[in-house]
Each structure stands twice: as C-alpha cells, then as structure tokens.
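Student: I've just opened this one and I'd like to know where the descriptions come from. Can we take it label by label?

Tutor: Sure, let's look at it together.

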Amino acid sequence: MGTADAGEDPHGSERVTPNSARPDPAVLSRLYLSAVLPCLTDLAEQDGIVVDHLGQLRASIVFLIFGGPAATIRLQRGQILWENGCGRNASVILLFLGDRHLNAFFSGNKWAAPLPVWGCWRVGLLARFSRLAQRLEAVLDGAPQVLDSAAGRRLHARLSLITAGLALHALAQGDAAARYILRSLPPGLASFTIAGEPRGTVWFDHGSAGNQAGWSDPPRRPDVCIVFADIATAYGALRGEIDTLAAVGSGQIRVEGLVPLAEGLNFAMERLRVYLKH
C-alpha cells in the first residue's frame with residue numbers, strides 16, 4: 001500500500017528492502033490457504049456471478065498439505081465459509097505432497113493436480129470450484145474485464161484489502177524479511193477499514209500469541225486505525241496508483257493512533273507483492 005512512497009524507513013539508516021529477499025515456499029502455501037482462500041467468502045457475498053455458479057450446492061473441499069496445514073471451504077447454498085484445518089465430513093479431500101506442490105497448483109500449473117484422496121467421483125463439484133477459483137484469480141489479479149466496471153473495481157479493492165490484512169499473520173510467522181521489519185515495531189492491534197463498506201475491516205494483532213489476524217470486527221479497541229475514505233481511495237492505494245502521503249494529508253486516508261505501527265505494517269505488507277506476483 002505504499003509506505004515506501006513516503007521516503008521514510010521505520011528502521012532508520014539500515015534500510016530493509018521488502019523486495020530483496022526471496023519468497024519462502026512454506027510461507028507462500030500458507031498465504032494461499034489462510035489469506036487467499038478466505039476471500040471466497042466475500043466474493044460469494046458481493047459477486048452475483050459466483051452466486052449463479054453455486055446455486056443450491058452444499059458441499060465442502062479440504063486442501064491438505066501432507067504433514068502440514070490444511071484449510072476447508074464449505075459451499076452452502078450461495079454462501080462460502082472458510083475454516084482453518086481439516087473440516088469434518090468433507091465431500092472432497094485434495095492432498096498436496098508439499099508446499100511447492102500446492103503453490104504450483106494455485107499458480108495454475110496443470111501438472112500440479114492434487115491427489116483426490118476422497119471424493120474423486122465428485123467431478124461436477126470440482127468443476128464448479130475450478131470456475132470459482134478462476135473468478136477469484138481474475139478479481140485479485142485485476143483482470144481487465146474486472147476493472148472495466150465500478151462493481152469490479154470495488155470487488156478488487158475489497159479482496160485486495162482482505163488478502164493483505166490476513167497475509168500479515170503468515171508473513172509474521174514465517175517470512176524472514178517481514179519478521180525483521182516487525183521486530184522493531186511496537187506491539188498493538190491495527191485495523192484497516194474501507195469506510196461505508198459492509199464487513200470492510202481486517203485487523204492484525206502484532207505481538208499477540210501467534211500474531212493473530214482476522215476479517216471481522218477487531219477483538220478489542222485497536223491501537224491504530226487506518227481508514228480509507230471510500231472504495232476509490234482504497235483501490236488507488238492498494239494498487240499504488242495514488243500518493244499515499246498526499247491522501248493522508250487530504251484526509252482521504254486517516255491514520256488514528258499508534259502511527260509507527262501503521263507505517264511498519266504497511267512496509268511489511270510490501271512482502272505480499274513478492275509472493276503473489278506473476
């Protein structure tokens with residue numbers, strides 16, 4: 001979201017460049033499971049195309065890394081719910097042999113098909129999920145057919161913010177560059193909000209047990225709140241298309257509370273671009 005634009009380095013003279021360190025495959029797999037897949041919930045709530053794809057379908061799909069983490073997606077008659085871990089009574093269980101296998105699958109490599117250890121006969125379900133995944137990818141990537149409309153730009157801004165906020169958990173847990181940045185920051189709860197948007201807040205609790213993040217009302221009063229005045233401001237900031245310092249000065253972006261925490265988290269978020277770039 002452009003802290004680098006400020007010309008200010010929260011780490012003093014020893015500048016950390018977020019783009020300098022190579023991505024860690026284990027962190028990338030956790031970003032897919034815990035920051036990208038949860039966006040399907042909002043996509044189903046906001047996008048009529050997805051509702052048409054889902055219909056009255058009730059099913060669930062588990063994404064499982066052998067010996068590692070998992071996530072569950074539940075399709076419930078037009079709604080999509082995300083769960084951490086292996087949900088019970090899954091319709092389909094997709095097994096990945098390692099982090100690189102899952103990462104290749106989410107990157108669209110056809111050779112990286114998962115092993116359907118349960119539910120391989122649910123061909124129709126897997127086909128529907130494939131269409132959902134393609135729609136999610138188009139929205140997050142900002143495909144031209146998405147950004148051509150105001151509704152598409154709104155979706156892109158919302159899902160980009162959700163991904164960026166939730167990504168801070170995985171980055172704080174495993175990314176060396178992000179952890180270096182975070183070590184110098186004061187602990188506290190930060191919230192990021194698009195004003196006027198329903199369910200438009202993500203939060204990150206720096207210094208808490210497990211560095212928790214969420215897409216919901218914050219668990220307590222935030223120590224710093226970053227508020228985008230509207231969708232257009234959030235869209236421009238998240239895409240690096242506006243001067244964020246000027247936006248703060250004009251009130252389009254409000255930063256209230258522990259400003260050093262906000263600046264440092266914004267800097268750490270730059271690591272997400274390294275991981276999810278194509």
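Tutor: Let's start with strands β2 and β3, which run antiparallel and are joined by six bridges. Keep in mind that this is a predicted model.

Student: What makes β2 and β3 a pair?

Tutor: Two strands pair if there are at least two bridges between them. β2 and β3 have six, so they count as a pair. One spot to look at is A71, which stands opposite N84 in β3.

Student: Which sheet order do the strands form?

Tutor: The order is β3-β2-β1-β4-β5, five strands in an open sheet.

Student: Why are β3 and β5 called edge strands?

Tutor: β3 (79-84) and β5 (115-118) each pair on one side only. As for twist, neighbouring strands of this sheet are turned by 25° against each other on average, with direction ignored.

Student: What makes the pairing in this sheet mixed?

Tutor: Look at what happens around β1. With β2 (residues 70-76), β1 runs antiparallel, over seven bridges. With β4 (residues 92-96), β1 pairs in the parallel sense, over five bridges. Both kinds turn up, and the sheet's pairing is described as mixed. In β4, L95 is the bridge partner of L64.

Student: What is special about G67 in the hairpin of β1 and β2?

Tutor: That hairpin has four residues between the strands, and G67 takes a positive phi near 70°.

Student: How do you know that β1 is mostly covered?

Tutor: Count its residues: β1 spans 58-65, and six of the eight are buried. A59 lies in this strand, and its relative accessibility is 9%. The cut-off for buried is under 20%, so A59 passes.

Student: What does A59 touch, leaving aside its neighbours within four places in sequence?

Tutor: A59 is in contact with I73, R74, L75, S91, R122 and L125. L75 is also the residue that stands opposite A59 in β2.

Student: How far apart are A59 and I80?

Tutor: They are 21 residues apart in sequence, and C-alpha to C-alpha they are 9.8 Å apart in space. With neighbours within four places set aside, I80 is in contact with L40, T41, A44, V50, L54, I73, R74, L75 and L132.

Student: What makes I80 stand out in the largest nonpolar core?

Tutor: That core has 76 residues, and I80 is one of the four that touch the most other members, along with L40, F63 and F192. Helix α7 supplies the largest share of the core, 12 residues.

Student: Where does helix α2 lie?

Tutor: α2 (residues 39-46) lies across β2 and β3, and it runs at about 170° to β3.

Student: Now the loops. Buried or exposed: which one is N89, and how do you know?

Tutor: N89 sits in the loop between β3 and β4. Its relative accessible area is 72%, and exposed means over 50%, so N89 is exposed. N89 also has a positive phi of about 55°, although it is not a glycine.

Student: And N211, buried or exposed?

Tutor: N211 is in the loop between β7 (201-206) and β8 (213-214). At 14% relative accessible area it falls under the 20% cut-off, so N211 is buried. N211 too is not a glycine, yet it has a positive phi of about 50°.

Student: Why is α7 called roughly perpendicular to α11?

Tutor: The axes of α7 (residues 150-174) and α11 (residues 259-276) cross at roughly 90° and come within 9 Å. Angles of 65 to 115 degrees count as roughly perpendicular, so the label fits. On the α7 side the contact is made by T163, A164, G165, A167, L168 and L171, and on the α11 side by L265, A268, M269, R271, L272, Y275 and L276. Those residues divide into 10 nonpolar, two polar and one charged.

Student: What makes α7 roughly perpendicular to α8?

Tutor: The axes of α7 and α8 (residues 176-183) come within 6 Å and cross at roughly 95°. That angle is also inside the 65 to 115 range, so α7 is roughly perpendicular to α8. The contact here is made by L171, A172, Q173 and G174 of α7 with A176, A178, R179 and L182 of α8. By type, they are five nonpolar, two polar and one charged.

Technical notes. Residues are numbered from 1 along each chain as its sequence is written. This is a predicted model: local features need pLDDT of at least 70, side-chain atom pairs count only at pLDDT 80 or more; totals for chains, interfaces and linings use all residues. Side-chain values use heavy atoms; hydrogens and water are left out. Buried means under 20% relative accessible area, exposed over 50%, partly exposed in between (1.4 Å probe, protein chains only). Helices (H or I, at least four residues) and strands (E, at least two) are DSSP runs, numbered from the N terminus. Axes are lines fitted to C-alpha atoms, for helices over the stretch in contact, and angles run from 0 to 180 degrees between N-to-C directions. Angles under 35 degrees count as roughly parallel, over 145 as roughly antiparallel, 65 to 115 as roughly perpendicular and the rest as oblique. Contact means heavy atoms within 4.5 Å. Ala, Val, Leu, Ile, Met, Phe, Trp, Tyr, Cys and Pro count as nonpolar, Asp, Glu, Lys and Arg as charged, and the others, Gly among them, as polar. A nonpolar core is a set of buried Ala, Val, Leu, Ile, Met, Phe, Trp, Tyr and Cys residues joined through side-chain atoms within 4.5 Å.
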